[in-house]
Amino acid sequence: MAIPSFVDRVKLTVAAGNGGHGCASVKREKFKPLGGPDGGNGGDGGSVIFRVDGGLTTLVEFHRQSVRRASNGAPGQGDFRHGARGEDIVLSVPSGTVVTDLETGEQLADLTEEGQEFVAVLGGKGGLGNAALASSARKAPGFALLGEEGEAREIQLELKVVADVGLVGFPSAGKSSLIAAISRARPKIADYPFTTLVPNLGVVVAGDVTYTVADVPGLIEGASLGKGLGFDFLRHIDRCQAIVHVIDLGTYEPGRDPVGDLEIIEGELAAHGGLEDRPRLVALNKVDLPDAPEMAEIVRPDLERAGHRVFAISTKTGEGLNELKFAMAEIVEARRAALPAAEPRPVIRPKPVGRAKSGQGEFTIVKKGDGEGGFVWRVRGEKPERWIRQTDFNNAEAVGYLADRLNRIGIEAKLLEMGAVAGDAVAIGGEDAVVFDFAPQIETGAELLSRRGEDQRLESERPAAARRRERDADYHASRNAGIDYALEGLPTDDED
Ligand SMILES: Nc1nc2c(ncn2[C@@H]2O[C@H](COP(=O)(O)OP(=O)(O)OP(=O)(O)O)[C@@H](O)[C@H]2O)c(=O)[nH]1
Ligand SMILES: [Mg+2]
């Protein structure tokens with residue numbers, strides 16, 4: 001199979017596993033027809049996780065398989081048996097991998113440190129079984145929660161080399177040869193331009209300083225505008241602490257000379273932007289060629305006047321390489337000392353989607369429509385949207401439980417406060433919203449004052465406030481007794 005030549009940028013679909021459904025089951029024992037609920041919870045779906053492996057240098061593996069899917073959680077079963085978790089998929093990436101969401105263009109993670117992890121898509125949560133949903137107020141729930149679907153997203157992986165020193169220069173100036181001469185890396189070297197298509201990385205030891213050096217494909221005038229190959233690869237220099245110009249003393253191309261070459265490359269770096277603060281060194285290469293030493297001494301004063309430290313080197317004979325190596329080490333060491341100590345990088349998890357920003361904290365409500373045939377009230381929020389996904393709408397009891405949960409965080413009260421009336425449409429969620437007819441169960445303050453006791457609903461349904469009191473009492477009772485069980489309508493820790 002042909003290996004693509006550009007392996008430092010790939011598109012990938014990652015899909016997490018679905019959560020298993022909770023189980024609604026009633027304990028069956030001989031001579032005990034009315035056993036308690038014993039349905040177990042569904043297992044969580046597996047996640048897709050990226051982890052930095054310092055031994056890797058390319059993203060080539062991702063070209064072979066462009067969809068990665070973690071497994072689903074198993075459903076709960078009777079007799080309190082919980083479903084197994086879906087297995088996570090851990091994908092190894094090289095240091096310097098930047099993860100971007102292809103849909104939004106948002107950068108999700110910048111993975112640079114060995115072992116650093118990024119959870120790209122989170123497995124769906126398993127649904128609670130009816131055993132976990134039981135409480136003193138709802139002793140035998142005839143329903144369970146559905147497992148949630150795992151997330152899926154299209155992402156781009158992009159490798160940005162992480163090196164202390166970046167080598168820049170025209171094609172064939174000898175950048176890869178320099179890496180080969182001062183490190184153990186063995187990049188491809190050839191006498192035609194654009195030999196290097198993917199940055200090479202070498203580890204250099206100079207005295208007791210160890211640092212990394214990367215070359216990038218040759219730059220030419222207009223590289224920052226997309227000419228040659230340079231455009232795409234200038235970004236690799238972004239992370240370097242120092243820049244070394246590799247300049248060809250032996251080029252016979254018309255219109256080129258060492259000082260002019262350096263100015264053109266500097267122009268491209270300036271057009272790329274953001275590199276102004278990086279210290280520079282100048283390496284005049286191929287000093288072994290005839291006339292090259294003279295050329296080096298002609299241009300040296302000009303370059304030094306421009307503030308550069310200049311080294312005449314030959315990757316062929318080794319001349320000048322030691323001095324250059326130690327000069328690079330000096331700069332790297334100085335920059336390292338000046339930089340703030342890197343903060344330990346935690347595992348990065350995806351931002352929860354749709355987190356509400358309203359004063360309520362849990363949800364937002366927006367009124368839509370012109371009132372003809374009623375308004376549509378759109379409710380957004382992480383919790384309400386999740387609860388919708390967990391609800392089996394074929395089960396009336398499950399729907400009642402959902403209504404309780406929605407009331408508990410005040411959605412119904414807020415709708416009434418905003419002027420919603422019975423019969424209005426309430427849409428919870430985004431594109432795949434679930435739409436209800438608004439049928440308020442609780443009373444507004446005004447109604448309570450004027451019509452208390454008259455409303456049929458007070459007889460047929462317990463007011464939410466009373467239910468809440470009951471539940472809170474249960475909660476405190478159980479807390480005091482040290483009993484830990486899932487409470488009706490109250491999120492348990494693992495529910496959030
Ligand atoms: N005489 C001489 N030739 C050299 C020296 N360094 C490199 N070369 C030659 O110059 C040519 C280009 O070298 P590379 O190291 O591939 O150059 P590069 O800058 O990496 O080129 P690209 O990857 O195409 O941008 C090869 O033929 C090398 O053998 C040197 O010090 N002296
Ligand atoms: Mg090269």
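In this predicted model, helix α3 lies across five strands: β9 (165-168), β10, β11, β12 (242-248) and β13 (280-285). Against β11, the helix runs at about 155°. A second helix, α5 (residues 258-272), lies across β9, β12 and β13. Here's how the two compare on paper:

| Helix | Lies across | Angle |
|---|---|---|
| α3 | β9, β10, β11, β12, β13 | about 155° to β11 |
| α5 | β9, β12, β13 | about 140° to β12 |

Now for the sheet itself. It's an open one of 6 strands, in the order β10-β11-β9-β12-β13-β14, and the pairing is mixed. At the edges sit β10 (201-206) and β14 (309-312), each pairing on one side only. On average, neighbouring strands are turned by 25° against each other, direction ignored. At one end, β10 and β11 (residues 209-215) pair in the antiparallel sense over 6 bridges, and G202 stands opposite V213 in β11.

Helix α3 (residues 175-182) turns up again at ligand 1: with 3 residues, α3 gives the most to the shell around it. That shell has 25 residues, and the ones that come nearest are G174, S176, D191, T196 and G218. By type, the shell divides into 8 nonpolar, 11 polar and 6 charged residues.

How far does the confidence go? The mean pLDDT of the chain is 81, with 79% of residues at 70 or more. Over residues 352-360, though, the pLDDT is below 50, and this stretch has 18 contacts in the model beyond near neighbours in sequence. Residues 444-462 also stay under 50, with 8 contacts beyond four places in sequence. For the complex, the predictor gives an ipTM of 0.99 and a pTM of 0.62.

Definitions and conventions:
Residues numbered from 1 in each chain as written. Chains lettered and ligands numbered in written order. Predicted model: local features only at pLDDT ≥ 70, side-chain atom pairs only at ≥ 80, totals over all residues. Near = placed C-beta within 6 Å. Helix = DSSP H or I, 4+ residues; strand = E, 2+ residues; numbered from the N terminus. Nonpolar A, V, L, I, M, F, W, Y, C, P; charged D, E, K, R; others polar. pLDDT = per-residue confidence, 0-100. Contact = placed C-beta atoms within 7 Å. Pairing = 2+ DSSP bridges. Axes fitted to C-alpha atoms, helices over the stretch in contact; angles between N-to-C directions.
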